[in-house]
Amino acid sequence: MNGISKYTIGLLAILCLLLATACKKKEQQAAPAQAPDISVARPIVRDIVLTKEYPGYLTSEQTVNLVGRVSGTLQSVLFKPGTEVKKGQLLFVIEPTIYRDNVTKAQAALETAQAQLEYARNSYERMVEAAKSDAVSKIQVLQAQSNVAETQAAVDNARAELSTAETNLSYAYIRAPFSGMIDRNQYDVGNYINGSVQPVTLATLYKNETMYVYFNIEDNQYMKMLLMQPHPESNEKLPHEVAVTPGTDTGVRYTGKLDYLSPNVDLSTGTLNIRAEVPNVNGTLKSGLYVTITLPYGEQKDAVLVSDASIGTDQLGKYLYIVNDSNIVRYRHITTGQLVNDSLRQVVKGLTGNDRYVTTALLKVRDGMKIHPVN
């Protein structure tokens with residue numbers, strides 16, 4: 001009897017424990033899950049400047065190929081490659097001896113011709129005086145006059161030969177036409193330069209104090225800019241300045257001043273070429289460098305802006321998670337515009353300034369989910 005009682009009591013204890021555990025699980029299942037804390041915000045509404053980005057490239061304000069225009073052995077290279085040279089600085093010397101001798105010969109020939117001209121003029125004057133007393137014939141006077149003309153032509157020819165010889169001598173000394181950066185020399189001392197047949201490039205000089213940036217815009221974008229101008233009838237068809245960004249993610253921007261718009265549209269590309277001047281204060285910009293140009297073309301009043309990081313992307317495009325008045329998350333497809341200040345994205349369609357949207361933890365929310373919004 002005692003054994004049966006102990007067994008009964010133990011069985012009842014186990015049943016009570018099982019019932020208590022089951023009730024606890026039901027209570028836990030019946031308890032509503034706590035809504036997660038999710039960061040939300042309202043869009044920023046403000047006026048923005050509409051911009052569009054274009055690829056472009058830089059060129060120097062002036063670029064000159066320094067060429068050898070006479071033939072001879074290269075005797076001197078008087079600069080260090082990749083450094084700055086001054087205007088008028090002597091850079092190359094191409095065997096000037098033969099050209100200096102030609103100048104000396106031309107000077108002597110000119111002096112001879114001038115002496116002959118002086119003699120011919122004196123002879124002509126004496127002939128004219130003698131003809132007054134019929135001491136010489138008129139034919140002799142005409143002959144003397146002809147000699148003056150011939151010797152005058154000889155003087156002119158000798159003077160031209162001297163000018164040519166002096167010019168060729170100057171070509172033997174190659175100087176910098178302006179101050180700028182010079183690249184490496186293409187020929188070393190001792191090489192023969194055959195410049196009389198075709199000019200030979202010895203080095204290239206770049207004037208980099210101001211850089212030009214060139215880029216192309218679409219013809220329809222050009223027309224759009226005209227229509228968005230506050231005074232379309234004015235002569236100002238372009239904004240005054242653009243932002244120039246070299247490389248990617250450098251964080252460095254330069255301000256360029258627009259100074260040229262091509263007078264025609266390229267039929268093959270449907271674009272117009274534009275140029276801007278960019279000051280190269282520190283000399284960091286180089287000719288040939290590819291850059292990104294940010295071109296302002298209009299203004300947008302009361303633009304709706306959201307954090308760019310809060311926008312998701314799927315097969316339908318861009319979307320946001322909107323939070324309604326009941327704190328229920330709703331998926332909404334949107335149309336985006338340009339990036340503003342590197343962190344805000346313009347929403348062109350699908351969002352108003354009064355909506356709330358999820359800013360972070362996009363992977364933790366889903367459509368129809370109830371949340372606890374945290375500002």
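# Reading a predicted fold, step by step

Modeller: Let's start with the overall make-up: this protein has four helices and 19 strands. Please keep in mind that the model is predicted.

Biologist: Thanks! What share of the residues counts as buried?

Modeller: Of the 375 residues, 33% are buried. Another overall number concerns contacts with a separation of 6 or more: 74% of them join residues 24 or more positions apart.

Biologist: With so many strands, I'd like to learn how to read a sheet. In what order do the four strands of the open sheet lie?

Modeller: A general idea helps here: along a regular strand, side chains alternate between the two faces of the sheet. Now for our case. The open sheet has the order β6-β5-β3-β8, with antiparallel pairing. Its edge strands are β6 (173-175) and β8 (192-194), each of which pairs on one side only. From one strand to the next, the twist averages 35°.

Biologist: How many bridges join β3 to β8?

Modeller: Three bridges do, and the two strands run antiparallel, with β3 covering residues 71-77. To find the place in the viewer, look for S71, which stands opposite N194 in β8.

Biologist: And which strands pair with β17?

Modeller: One is strand β13 (residues 290-307), which pairs with β17 (residues 344-349) in the antiparallel sense over three bridges. Here L305 is opposite Q346. Another is β16 (residues 329-340), also antiparallel to β17, over four bridges. In that pairing, L339 has R345 as its bridge partner.

Biologist: Which residue takes a positive phi in the hairpin of β16 and β17?

Modeller: That is N341, with a phi near 55°; the hairpin has three residues between its strands.

Biologist: Let me try a single residue in β16. Is V329 buried or exposed?

Modeller: V329, which has its place in strand β16, counts as buried because its relative accessibility is 0%. Leaving aside neighbours within four places in sequence, its contacts are Y321, I322, R366, D367, G368, M369 and I371. Take I371: it is 42 residues from V329 in sequence, yet the C-alpha atoms are 7.3 Å apart in space.

Biologist: Now the aromatic rings. How many aromatic pairs does a search of the whole structure find?

Modeller: It finds six. One of them is the stacked pair of Y57 and Y214, with 5.9 Å centre to centre and 25° between the planes. This pair links distant parts of the chain, with Y57 in strand β2 (residues 44-68) and Y214 in strand β9 (residues 200-218), 157 residues apart. Y57 is partly exposed, at 38% relative accessibility, while Y214 is buried at 18%.

Biologist: Why is the pair of F79 and F92 called edge-to-face?

Modeller: Their planes stand at 80°, so the pair is edge-to-face; the ring centres are 5.3 Å apart. F79 sits in the loop between β3 and β4 (84-85), and F92 in strand β5 (residues 90-94), 13 residues away. Both rings belong to buried residues: F79 has a relative accessible area of 11%, and F92 has 0%.

Biologist: Which residues do ring pairs link into a cluster?

Modeller: Y57, Y212 and Y214. Have a look at Y212 as well, where R275 lies over the face of the ring, 4.0 Å from its centre.

Biologist: Finally, how should I read a nonpolar core?

Modeller: The general idea is that in soluble globular proteins nonpolar side chains tend to be buried together. In this model the largest nonpolar core has 31 residues, and L91, F92 and I182 touch the most other members. β5, α2 (97-132), α3 (138-171) and β9 each supply at least two residues. Helix α2 gives the most, with seven.

Biologist: F92 again! Which residues is it in contact with, leaving aside its neighbours within four places in sequence?

Modeller: They are L74, S76, V77, F79, A172, Y173, I174, N185, L202 and A203. So that you don't stop at one core, there is also a second, separate core of 27 residues, which includes I48, V213, V244 and V278.

Key:
Residues are numbered from 1 along each chain as its sequence is written. This is a predicted model: local features need pLDDT of at least 70, side-chain atom pairs count only at pLDDT 80 or more; totals for chains, interfaces and linings use all residues. Side-chain values use heavy atoms; hydrogens and water are left out. Two strands pair if DSSP finds at least two bridges between them. Buried means under 20% relative accessible area, exposed over 50%, partly exposed in between (1.4 Å probe, protein chains only). Contact means heavy atoms within 4.5 Å. Axes are lines fitted to C-alpha atoms, for helices over the stretch in contact, and angles run from 0 to 180 degrees between N-to-C directions. Rings of Phe, Tyr and Trp (its six-membered ring) pair if their centres lie within 6.5 Å; planes under 30 degrees apart count as stacked, over 60 as edge-to-face and the rest as tilted. A charge sits over a ring if NZ of Lys or CZ of Arg is within 6 Å of the ring centre and within 35 degrees of the ring normal. A nonpolar core is a set of buried Ala, Val, Leu, Ile, Met, Phe, Trp, Tyr and Cys residues joined through side-chain atoms within 4.5 Å.
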